[in-house]
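Please open the structure in your viewer and keep the selection tool at hand. The tour proceeds stop by stop, with a selection to make at each.

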Amino acid sequence: MRFEDLGLEPKVLKAVQEAGYDSPTPIQAEAIPHAIQGKDVLGIAQTGTGKTASFVLPLIDRLSKGRAKARMPRSLIITPTRELAAQVAESFEKYGKYHKLSMALLIGGVSFGDQDAKLQRGVDVLVATPGRLLDHFERGKLLLNNVQIMVVDEADRMLDMGFIPDIERIFNLTPFTRQTLFFSATMAPEITRLTEQFLSAPVRVEVAKPATTAKTITQKVVHLPNGNDKVKRDVLRKLIADTEVQNGIIFCNRKKTVDIVAKSLQKHGLNARPIHGDLAQSFRMETLQKFRDGETSLLVASDVAARGLDIPEVSHVFNFDVPIHSDDYVHRIGRTGRAGRSGAAFMLVTPGDKRAYESVLKTINMDAIEEEDLSTFIADLPAASDKPKRTRNDRKSARGKKEDTEQPNSEATEKPKRKRRSRKEEAPETSPESAVAEQAPAKSRKPAPQRRAVTGIGQQSEPPKRRYKDDLGENKVVGLGDHVPAFLQVPLD
Ligand code: AMP
């Protein structure tokens, strides 16, 4: 199959050619011909499959005729995070360079004034995160009743982040005659319901998960005697030193761990930068750029910050923590070993990770992952002989079944947790996850009833804490209780 066979118009083809693509990816080959005919498309595909071009190219093609009216965008692309929105906007600029289509990017962290001015001039394509879009709508700066094409990208992430009600609302604000291109990596029941409600006889296009991971990836685990974080950091550095790391991503489950690991690596002279949702948007963008440019060789990341981003091929992935959701393991290690090149993925496994590790094995359909035997190295580490510090997971495994249900590693708890996550629980700030969070949906942006935590006489309560999966568990205990906070357990080296 060639791009020329997809029915795209010459100016789009020229831009694609200049992007250096030889042939369409499977999702492009299957989705584009239907999309340019105006049909609804339900694309089940992950990042890395070329899905962005599979909706941007037909969008440009279809919008090439016609003009935008003030405040009435002709098309709408909704993405869950600012970074993704920015990436889609970049793609639009790349593929649309021979068209005079106007675009506005509505994301948090950018002044309303500039965005309003663009909307006022009229835009063909509006790329937005849901909350910021609804903010503009509610301020009367935007009308959605001229939207001819609506794209929903990464619906599964929207679900994870509690944005399905926003998406429903946005759908309802657009004309039912619109064309809808809807993409999701997975089809949870809530997503299926959404597609049944808002898509009209969609063409279903499914491309294989880069799931059970490329054969070009060497996977290894290092078993650790306990959950001592200092030992984990020592082992991580040993792995980095022993392997020929050109560039690598180190995944941690919690933002706090991301910060600590990045700092520790920097202290030991390694070129590392953290990326997670509590860091300023400008810092995250700068980090990504430096990593793409090869200026930074190690990215220490949370899953939420890294997922969906077009991060270039890396030589190594290090799972500093066993992921809480086993699917994330596939996403994480899929960052290496792309396009037939070889890559290596290491994972540190502590006794407290037993269940999470088993869950990973089940997901990748393996009985075990080969062990990188560092027992001698570990035995010589002073901290390794310390009384094992009990990690959250250790403590949880030791507790009864009731508390076990709170264990983030439990697959069984994943669904209820997802359902419970709502915008109200998300603090407005600058995380990618909150790229969305900052955009409180209309409903939840009604003045929320003042929730007051007991914080002492005369003290204001803290705003409700977020419940993202990469900080799950950090907000559960008020005061010390029987829980020794992780920061007290972390021996800083
Ligand atoms: P996506 O899944 O849309 O995030 O795309 C992943 C990466 O694949 C991006 O860096 C695109 O530039 C690249 N890409 C998209 N389509 C093609 C293609 N047909 N051939 C080669 N690379 C592509």
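The stops below begin at the ligand and then move through the protein.

This is a predicted model, in which local features need pLDDT of at least 70, side-chain atom pairs count only at pLDDT 80 or more, and totals for chains, interfaces and linings use all residues. Residues are numbered from 1 along each chain as its sequence is written, and side-chain values use heavy atoms, with hydrogens and water left out.

**The ligand**

Select the ligand together with the 14 residues that surround it, a residue being near when one of its heavy atoms lies within 4 Å. The closest are Tyr21, Gln28, Gly48, Gly50 and Thr52. This shell comprises three nonpolar, eight polar and three charged residues; in this division Ala, Val, Leu, Ile, Met, Phe, Trp, Tyr, Cys and Pro count as nonpolar, Asp, Glu, Lys and Arg as charged, and the others, Gly among them, as polar.

Next, select glutamine 28: a polar atom of its side chain is 2.8 Å from a ligand nitrogen. At threonine 49, a backbone N or O atom lies 3.1 Å from an oxygen atom of the ligand. At lysine 51, a polar backbone atom is 3.3 Å from a ligand oxygen. The ligand taken alone exposes 500 Å², of which the protein buries 76% (Shrake-Rupley method, 1.4 Å probe).

**Strands S3 and S4**

Select residues 103–106, strand S3, and residues 125–128, strand S4; they run parallel and are joined by four bridges (strands pair if DSSP finds at least two bridges between them). Helices (H or I, at least four residues) and strands (E, at least two) are DSSP runs, numbered from the N terminus. Leucine 105 has valine 127 in S4 as its bridge partner.

**Helix H6**

Now select residues 130–138, helix H6. Why is H6 described as largely enclosed by the rest of the structure? Seven of its nine residues are buried, so the rest of the structure largely encloses the helix (buried means under 20% relative accessible area, with a 1.4 Å probe and protein chains only). Among them are Arg132, Asp135 and His136. After H6 comes glycine 140, with a positive phi near 75 degrees.

**Glutamine 179 and arginine 237**

Select glutamine 179 in strand S6 (residues 179–184). Glutamine 179 is buried, with a relative accessible area of 4%, and a polar atom of its side chain lies 2.7 Å from the backbone oxygen of lysine 39.

Finally, select arginine 237 in helix H10 (residues 229–242). Arginine 237 is also buried, at 17% relative accessible area.

Note on methods: Polar contact = N/O pair within 3.5 Å; in protein donor to acceptor, adjacent residues only side chain to side chain. Buried < 20%, exposed > 50% of the residue type's maximum accessible area, 1.4 Å probe, protein only.
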